[in-house]
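Me: I would like to learn how to read the overall fold of a chain and the places where its parts meet. Could you take me through one case?

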Amino acid sequence: MSFTLTTPSGFWNPLFWVIFLALFGLIAYLIYSRGNPSYKKESDQVRPYLSGNIEPAKEKVQVKAGDIYWGFIEALKGYYKILEAIHTGDIRDYILWYLGVGAIVTFILIGGV
Amino acid sequence: MNGSLFVNFPFIVVALLLALGFYTIGFKRNLIKVIIGVEILEGAVNMFIVALGYVKGGYAPIYTQAPQEAVGKMVLPTPQALTLTSIVIGVAVTALMLAFAVNIYRHYGTLDVTRVRRLRG
Amino acid sequence: MIEHLPALMVALPLFGAFIAPLFKKHYKGVSIWAIFITGISVVLSLLLMKEVVTNGIIMYVFGADKPTLVLPSGYAVPIRIMFEVDAMGAFMAISATLMSFVGAIYSYSHVKKDTGLEKYYALLMLLEAGILGMVLTGDLFNLFVFLEIAGIAGSALVGFRNYRGEASEAGIKYLMVSSVASLMVLFAVGIFYGQYGNLNLAYIAKNVSFNMVDMIALGLLFASFAMKCGAVPMHYWVPDAYTEVPAGINPPLLVATYASLYALFRVSFTLFANVVIDLARVGWIMSILGVLTMFIGVTMALIQKDVKRLMSYHAISQTGYMLLGVGVGLTVLHDPSKLAEFGRDAMAGGVFHIINHIIYKSLLLMTAGALFYVTGTRNLNEMGGLARKMPITTISFMVGAAAISGLPPFNGFASKFLIYETSYRLNPLLTVFAMVTSVLTLASFVKVFASAFLGPPLEKFENKREVPKPMIVAMLILAALCILFGLFPNVVLDKLVYPAVDALINFAQYHSWGGLA
């Protein structure tokens, strides 16, 4: 039984994937093994150094989900403003959208366009 | 008056009811009224199917004490069966919707659909 | 027994559903009962698929032993309710039973603290029965009935947590949307009945004449099923409902959504495939809806802060891939050379994506449910550093996130690969959108991963532990399926997907049962 998936212009075989995984794992291990071995877990080495200030509580330094991709969302502000405004949460609008789309689809199908 | 208007009369009513139903769903602010709109819509669809079931010159498919001339002229009772099923389903839908409406009133203190929208965005 | 399989598929969950309330307060008993019944139906659906693949389309007639039996007066039309199971229906049935089973296992501990569980499980099995009926039936009115059953059961489950006002709000929204859509389906069915005097799908498909009234009916069916499967811009109910439903119900609810997608495909292929000119038009509408759906869905997902809502928006965007894949196939259905060249593979991609998506999105929504179970909140801003506390959930989440982003060797990769390649042949622009969507999908899951699982361990989660075993088992089953389907996509494609696709393409086969004129 062959496990090759042939698509119109390519193929996929899990064996190749495993071979490449092993190859890249080896490369990763080589990079890892050149690391500094003098690192100690149970010492002050693991604590962040903030110019001598006391480290703030973890809740304060955590990156919140709302802050991730801030720049992306800021750049597309106009787009998001419209999309959020469309999703009103009003049941009646859900049905009205359905009516609108249904009318357009029917119009196209009966040969209007 | 010719016959065509009279024959099409149920379908005109169906169209009116459909329009009325969608208007009620789309433009009334009270949640109960919106639910009534769905009911009107259902009435329209049921009426449409029942109206389709009418065959000119056909007899109701009731075999007991059927007149002699009805033999071979009885209509298939499918549309009536469909409508009955649809009515039963409609009752279940309405009951569930009203139950939700009661619960919404309990938690939101209002049935105004413009204010029952914590889920959005 | 084997010849009664189609009826058993629906009867078994119905039986289970009506027995369930008798358990009353024995919540443990009723959950084991639900797992038992849904487990058996998984076996039945696999048997059904085997039967369909070996022996072709199964016709099951209620109240007669042959579909060709006619009225005593000699009026030769199919008058009985029939189930017509082809490979596509069996494929959907496997998805439905599998997901109900996983959902039942997951619910065992996920909803333990809630009351009224006997009704919960009854509704779960009723939902399963509704979906199975939808995908197996060969009768338009029956389709409507099961659509309503699935809609009612589904919305009751969405509003299950009735101590939350939002749950009732989501419930009424889902119910309103699904009942209006079903009523319009019934209206379209009425139009067909009025013209052709019959409700049998195959019979109507054979006789349909594509006049204007028929096209209106097609438009109604198309719009209704598109709304029920969450195509943009009628997708608003999806995030509302998926967010509020208990996570154990998410898998069957997802399948309920795709049962509507199945109905959409069934209507466009089986009922209207003979219309030559307009079919490309239907295909283009489907493809464009697909692209819109995937793009708007994913961009909305990116800004969500509620973890389940974020994933629900992804459910919308992934539906777009299926619409795109099958839409591309539909566009070229009447062009044999193009169909062989890329149309069949496009549809295979779309159909394969259905089961892939059902698997990994259920997995992801379950991990979201696990996060909710442990932290008591769905807000991503309040989570953090949970990877060490919940290692198995984290691994399951990573598998699911990699699969949905289409990374090899997970299952999303294979189907997306097929869709990219084939939609490129129809129009490169479609592919560009599909790929951008995939990138954004990965981006938004990186966001969830970084904010919920990574980061410093927070003090408020000091005493939290991994979720209970049944939930872990349910998640691991799906994670294993993700990897298996991804490693050996050709096996799944050959055994499940290509039979289903060929069943859709060879629509004439569906029409030609019994030899009834």
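Reply: What follows is a short dialogue about chain C, read from a predicted model.

Me: What does chain C have in the way of helices and strands?

Reply: Chain C has 19 helices and 2 strands, and the C-alpha trace spans about 80 × 55 × 40 Å along its principal axes.

Me: Why does the radius of gyration of chain C agree with that of a compact globule?

Reply: The rule multiplies 2.2 Å by the number of residues to the power 0.38; for 517 residues it gives a value near 24 Å, and because chain C has 22 Å, the two agree. Buried residues account for 66% of chain C, and of the contacts between residues at least 6 apart in sequence, 81% join residues at least 24 apart.

Me: Which domains does the assignment give for chain C, and how many residues does each bring to their contact?

Reply: The assignment gives domain 1 (1–272) and domain 2 (274–517), with C-alpha centres 21 Å apart. Their contact takes 46 residues from domain 1 and 52 residues from domain 2. On the domain 1 side, α3(C) gives the most, with 11 residues, and by class that side has 33 nonpolar, 10 polar and 3 charged residues.

Me: How many residues does the contact between chain C and chain A take from each chain?

Reply: An interface's size is often given as the accessible area lost when the parts come together. Counted in residues, this contact takes 52 from chain C and 36 from chain A. On the side of chain C, α8(C) gives the most, with 9 residues, and the classes are 37 nonpolar, 7 polar and 8 charged residues.

Note on methods:
Residues are numbered from 1 along each chain as its sequence is written. Chains are lettered from A and ligands numbered from 1 in the order in which they are written. This is a predicted model: local features need pLDDT of at least 70, side-chain atom pairs count only at pLDDT 80 or more; totals for chains, interfaces and linings use all residues. Helices (H or I, at least four residues) and strands (E, at least two) are DSSP runs, numbered from the N terminus. A residue is buried if 20 or more other C-beta atoms lie within 10 Å of its own, exposed if 12 or fewer, and partly exposed in between; C-beta atoms are placed from the backbone. Two residues are in contact if their C-beta atoms, placed from the backbone, lie within 7 Å. Ala, Val, Leu, Ile, Met, Phe, Trp, Tyr, Cys and Pro count as nonpolar, Asp, Glu, Lys and Arg as charged, and the others, Gly among them, as polar. Domain bounds come from an automatic or database domain assignment.
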